[in-house]
Amino acid sequence: MYKYLAESLGRETKITHPNMTTCVNLKIWLLNLLTLSTVLSFSNGKPSTKFRVKAVNLGGWLVTEGWMKPSLFDGIPNKDFLDGTGVQFKSVTTGKYLCAESGGGTILVANRTVASGWETFRLWRINENTFRLRVFNKQFVGLDGVKVVAVSNDSIASATFHIVKESESSSRVRLKACNGYFLQAKSEEVVTADVSKVSAWEDDDPTIFVITIAARLQGEFQVTNGYGPTKAPQVMKDHWSTFIVENDFKFMRSKGLNGARIPVGWWIASDPAPPWPYVGGSLHALDNAFFWAQKYGLKIIIDLHAAPGSQNGFQHSGSRDGSLEWGTTDESINQTIYVIDFLSARYAKNPSFYAVELLNEPLSPGVTIEMLNKYYKAGYEAVRRHSCTAYVILSSRLGPSDSKELFPLANDMMRSVIDVHYYNIFDDVFENMNAQQNIDFIYTNRSSQLNNITISNGNVPLIFVGEWVADWRVKNATKEDFQRFSKAQIDVYGRATFGWAYWALKNANKFWNLEWMINNGYVKI
């Protein structure tokens, strides 16, 4: 830590002439000395643990999550068929599902009695009726003459397909290929695109398939590409200017919160003209958040929630089709470092700038610890180029991983924080727990988990419970049950050495909506 500061100070105050004592150089020297003094003013060089974050996530604002505000998608034409929608096609003549043989790399067949991964095709939306189809192994469906195959990883080289519905209320469809012909299941083993004319929707017609939607994504990619370049800019502008407003920051402060964790997407660094299909304007909204935070005395944690290529395949990561492709190339890592550098440079001098979370919820094993350490090290250095006082937060991996795997890296980082997310929802262990068992789980299991990763004496890394919620799987829970459950979590997570952040301030689901929970007496900060 001290070596880094000394080197930084030395570089910035280098004297090229023994008699050079200009005001500019003196000012630079004093500014660096002040920064160094600020950082070292903590006891023994350790960060103070007296101030702990009591924050709320502003989720669903600058990174779209459809479940948090379903109405945002209402105006999209043919909104059932968005990017990443997983669809399955069952032939009415064979009674079997279309399938990418071996998951991709060869022909399509129509011989599967049960649909799962190989029988699910992910949509890439071209317009409201035309799509590319991506298979399990990430090849795209195309044509080899009239044979239907899935052999190319190049989307541009693949075929496009028009999904023709029998009617808006029917699940029966035809697939018209870009060669102008309709697909047909000639047999269980032969699927071709060679039918030029169709008429009635009869049960013996091999061009007819029953479509089932097996999975949906409703993230930033889906909403912006769904509305298209003409409508999306206004839709998103309206959303950003109304979903979170100045009064929300006033509310946070009045209810005892002292900070906000704000999820952002990688495209924000290219504002006002981000790459397709994203639209400009989220940076202006983030600027507003900093202005309001400063006005009401709140701290801001910038959270990179969506990285290029997606770090977990979830809709909140900006994924187009559920694929995890971040970190597989140096380009995606370098692009992400640029985003961190951009945001750190922009807000480093704002008094509300408290921390940067380098990445949200990377997923194991797709994101390896080696690639994550490489990125975290570079991301940390990007922040430190602009701020010696901002905390740098490293998100733990979801999936199979060691709870302390980031500690060797974080131990060598000044003002580092490990982020963990605790929900009593997503694991099946909570399926049959009653209210008291959930509360006991917080006081015993969660407390033990937190103690296991907490470093004593205020040493780094500090621990941040960056996401939790007072919702659960308990049926018919009373208001008092919710109160005791939320209190248990605040009691336990309040011991986290960096603090905690509730998910989220606004949500269509009231128990995930902290504003509603506070106003209705379910949560007391």
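In which sense do strand β9 and β10 pair, and over how many bridges? Select residues 161-165 for β9, then residues 172-177 for β10. The two strands pair in the antiparallel sense over 5 bridges, and the hairpin that joins β9 to β10 passes through 6 residues. Please keep in mind throughout that this is a predicted model.

**The hairpin and its neighbour**

While β10 is still highlighted, pick V173, which is the bridge partner of K165 and also stands opposite F209 in β13. Strand β13 covers residues 209-215, and 2 bridges join β13 to β10 in an antiparallel arrangement. If you colour β10 by accessibility, you should find the strand mostly covered, with 5 of its 6 residues buried.

**The barrel**

Next, select the strands β1, β14, β15, β16, β17, β18, β19 and β20, which close in that order into a barrel of 8 strands with parallel pairing. Neighbouring strands of this sheet are turned against each other by 25 degrees on average, direction ignored.

Two helices that pack on this sheet are worth adding to the view. Helix α5 (residues 282-296) touches β14 (259-265), β15 (299-306) and β16 (353-357), and the direction of α5 makes about 160 degrees with that of β15. Helix α6 (residues 330-347) also packs on the sheet, where it touches β14, β15 and β16, and its direction makes about 160 degrees with that of β15.

Stay with α6 for a moment. Its 18 residues reach 26 Å from the first C-alpha to the last, close to the 26 Å expected at 1.5 Å a residue. Buried residues of α6 include I333, T336, I337, I340 and Y347, and among the elements that cover the buried residues of this helix are β14, α5 and α7.

**One strand of the barrel, up close**

Now select β18, residues 416-421, where 6 of the 6 residues are buried. In a regular strand the side chains alternate between the two faces of the sheet. Which residues of β18 lie on each side, and are they buried or exposed? S416, I418 and V420 are on one side, V417, D419 and H421 are on the other, and all of them are buried.

On one flank of β18, 4 bridges join the strand to β17 (residues 391-395), and the two run parallel; S395 stands opposite D419 there. β18 also pairs with β19 (residues 462-468) in the parallel sense over 5 bridges, and V420 stands opposite V465 in that pairing. From β19 you can step on to β20 (residues 499-503), which pairs with β19 in the parallel sense over 3 bridges, with G499 in β20 as the bridge partner of F464.

**The nonpolar cores**

Show the side chains of L58, W61, F249, I262, L286, Y375 and L394, which have the most contacts inside the largest nonpolar core, a set of 114 residues. The largest share of this core, 9 residues, comes from helix α7 (residues 369-384). Centre the view on Y375: leaving aside its neighbours within four places in sequence, Y375 is in contact with L304, W326, I333, T336, I337, I340, L358 and L359. A second, separate core has 27 residues and includes V87, F89, A159 and F161.

**A bent helix**

Select α3, residues 220-243, and display its C-alpha trace. The helix has 24 residues, yet its end C-alpha atoms are only 15 Å apart, short of the 34 Å that a straight helix would reach at 1.5 Å a residue. Go to G228, where α3 bends by about 125 degrees, and note that a proline, P229, follows within four residues.

**Backbone details in the loops**

Most residues other than glycine have a negative phi, and most peptide bonds are trans. The loop between β14 and α5 holds P272 and P277. A cis peptide bond joins D271 and P272, with omega about 15 degrees, and the bond from W276 to P277 is also cis, with omega near 5 degrees.

Finish with two loop residues of positive phi. S310, in the loop between β15 and α6, has phi near 75 degrees, and S310 counts as buried because its relative accessibility is 1%. N476, in the loop between β19 and α10 (479-493), has phi near 60 degrees, and N476 is exposed, with a relative accessible area of 77%.

Conventions: Residues numbered from 1 in each chain as written. Predicted model: local features only at pLDDT ≥ 70, side-chain atom pairs only at ≥ 80, totals over all residues. Heavy atoms only, no water. Buried < 20%, exposed > 50% of the residue type's maximum accessible area, 1.4 Å probe, protein only. Pairing = 2+ DSSP bridges. Expected span 1.5 Å × (residues − 1). Bend = angle between axes of the 7 residues up to and from the residue. Core = buried A, V, L, I, M, F, W, Y, C linked by side-chain atoms within 4.5 Å. Contact = heavy atoms within 4.5 Å. Axes fitted to C-alpha atoms, helices over the stretch in contact; angles between N-to-C directions.
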